[in-house]
Amino acid sequence: MVDVAQRAGVSTATVSHVLNDTRPVLPRTRQAVLDAIDELGYTPNTLARSLVTARTRSIGLAVSAISNPYFTEILQGVEAGALKHGYSLLIADPHDDPQHERKVVQLLHERRVDGMIIAPSAAPAELLGYLEQHDVPTVFLDRLVDSPAEGPLRFDQVCTENTEPMTRLVTHLAELGHQRIGLVAGLPGLSTTTERITGYRHGLAHAGLPYDERLVAHGNSQADAAEEATHALLSLATRPTALVTANNAMTIGALRAVRERELAVPDDLALCCFDDFSWADLFTPRLTAIAQPSKEIGAQAVQLLLERLASPGRAGRTVRLPSAFVHRTSCGCPESSKSPERPESHRKGPES
Ligand code: HPA
């Protein structure tokens, strides 16, 4: 920094202000500093800076199933938001296992990240205890955690709408005449699972159809378990004529079971899915799905975390982002009957 300051003919304090954006610097002076940095090949030592500021300008991100396109896109949103504000990411995969989750979060905390963004497991009690004890600024995403019995929630949360979109899928199938609509549900204990089951029940109730628990099979949010769950539903004496899957991985599992049984979608079994993904449009028939605004969830999580870092004492906020109904043909509707309903922010291009 001393070399940069000498070359630019300014004080080291001015170099610091240019680097950290801590005070306005005249454009000409700023350019002189940037030129000197360029000519000398100077890179700031962030470790040394952290010792002075007690901030690392890093965010810990803990999400399970990173290879799932839904979470990969969340990660892209988090990364872009972090980069925009000069933060880097440290990433861990808790494997949806409460013990492992607690361990990786501790490791991230030991690296002194400024805050964390976490998709919590189905049993996050230990995790919450750790975060509370160490007062770690945290934003939860996708899965909501319950407010503590005492006092307000000290964390922020961001997720998509789950109940109403699931109701919409079930209502749509009921309007097409289906009376036995099966559900392949996610991992018990996740708020997404509970809310999507509630949405399924609302959809049946709106259509005047009875709730039959035999038509709900647990796919545990994963393809293999969903394949088994779908086989179980399709083995019922009176099998469902339509199926709703509660996430993208379980849609893959359900499609495998359907293929093994040589059933045709939608003629033998109509199918509607929660989660849209790049290939949903390539299946035959094209999949009718709910698209979650995954990149936006990630970006919003960063925004909430930055707000919390700026005012640590404020009460926790929960942000719900809307999802979109993407009407294609696996529900049984002909190609011509549909209008595109997907907003630009939910669209999947080849780049996503
Ligand atoms: N939650 C919400 N949506 C999802 C998930 C999840 O864990 N996995 C795939 N889509």
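UniProt positions are given in the numbering used here, feature names are shortened, and annotations may be inferred rather than shown by experiment. Residues are numbered from 1 along each chain as its sequence is written. This is a predicted model, in which local features need pLDDT of at least 70 and side-chain atom pairs count only at pLDDT 80 or more, while totals for chains, interfaces and linings use all residues.

**Exercise 1. Get your bearings**

Task: Find which residues the annotation "domain: HTH lacI-type" covers, and describe the chain over them.

Solution. Step one: the UniProt record, an unreviewed entry, places "domain: HTH lacI-type" on residues 1-53. Step two: take helices (H or I, at least four residues) and strands (E, at least two) as DSSP runs, numbered from the N terminus. Over residues 1-53 the chain is then 72% helix and 0% strand, with 17 Å between the end C-alpha atoms. Step three: zoom out to the chain, which has twelve helices and twelve strands. Its C-alpha atoms fill a box of roughly 85 × 50 × 30 Å along the principal axes.

**Exercise 2. A helix with two sides**

Task: Which residues of α3 are buried, and which are exposed?

Solution. Step one: set the cut-offs. A residue is buried if 20 or more other C-beta atoms lie within 10 Å of its own, exposed if 12 or fewer, and partly exposed in between, with C-beta atoms placed from the backbone. Step two: look at the helix itself. Helix α3 (residues 27-40) has 14 residues and reaches 20 Å from its first C-alpha to its last, close to the 20 Å expected at 1.5 Å a residue; the expected span is 1.5 Å times one less than the number of residues. Step three: pick out the buried residues, Val-33, Ala-36 and Ile-37. Seen down the axis of α3, these fall within an arc of 100°, so they line one face of the helix; the arc is that of the directions from the helix axis to the C-beta atoms. Step four: turn to the other side of α3, where Pro-27, Arg-28, Asp-38 and Glu-39 are exposed. Step five: ask what covers the buried face. The buried residues of α3 pack against α1 (2-8) and α2 (12-20), where a contact means C-beta atoms, placed from the backbone, within 7 Å.

**Exercise 3. Trace the open sheet**

Task: In what order do the six strands of the open sheet run, and what packs on the sheet?

Solution. Step one: two strands pair if DSSP finds at least two bridges between them. Step two: the order is β7-β6-β8-β9-β10-β12, with mixed pairing. At the edges are β7 (216-218) and β12 (324-326), each paired on one side only. From one strand to the next the twist averages 15°. Step three: add helix α8 (residues 163-175), which packs on the sheet and touches β6 (181-185), β8 (242-245), β9, β10 and β12; its direction makes about 170° with that of β9. Here axes are lines fitted to C-alpha atoms, for helices over the stretch in contact, and angles run from 0 to 180 degrees between N-to-C directions. Step four: add helix α11 (residues 248-260), which lies across β6, β8 and β9 at about 145° to β8. Step five: inspect one pair. Strands β9 (residues 270-274) and β10 (residues 288-291) are parallel over three bridges, and Cys-272 stands opposite Thr-288 in β10.

**Exercise 4. A covered strand**

Task: How many residues of β5 are buried, and which strands pair with β5?

Solution. Step one: in β5 (residues 156-160), five of its five residues are buried. Step two: in a regular strand the side chains alternate between the two faces of the sheet. In β5, Asp-156, Val-158 and Thr-160 are buried on one side, and Gln-157 and Cys-159 on the other. Step three: β4 (residues 138-141) pairs with β5 in the parallel sense over three bridges, and Phe-140 stands opposite Gln-157. Step four: β11 (residues 318-321) runs parallel to β5 through four bridges, with Cys-159 opposite Arg-320.

**Exercise 5. Backbone surprises**

Task: Where do Asn-220 and Pro-266 lie?

Solution. Step one: most residues other than glycine have a negative phi, and most peptide bonds are trans. Step two: Asn-220, in the loop between β7 and α10, has a positive phi of about 50°. Asn-220 is also buried, with 22 other C-beta atoms within 10 Å. Step three: Pro-266 is in the loop between α11 and β9, and the peptide bond from Val-265 to Pro-266 is cis, with omega near 5°.

How values were computed:
Two residues are in contact if their C-beta atoms, placed from the backbone, lie within 7 Å.
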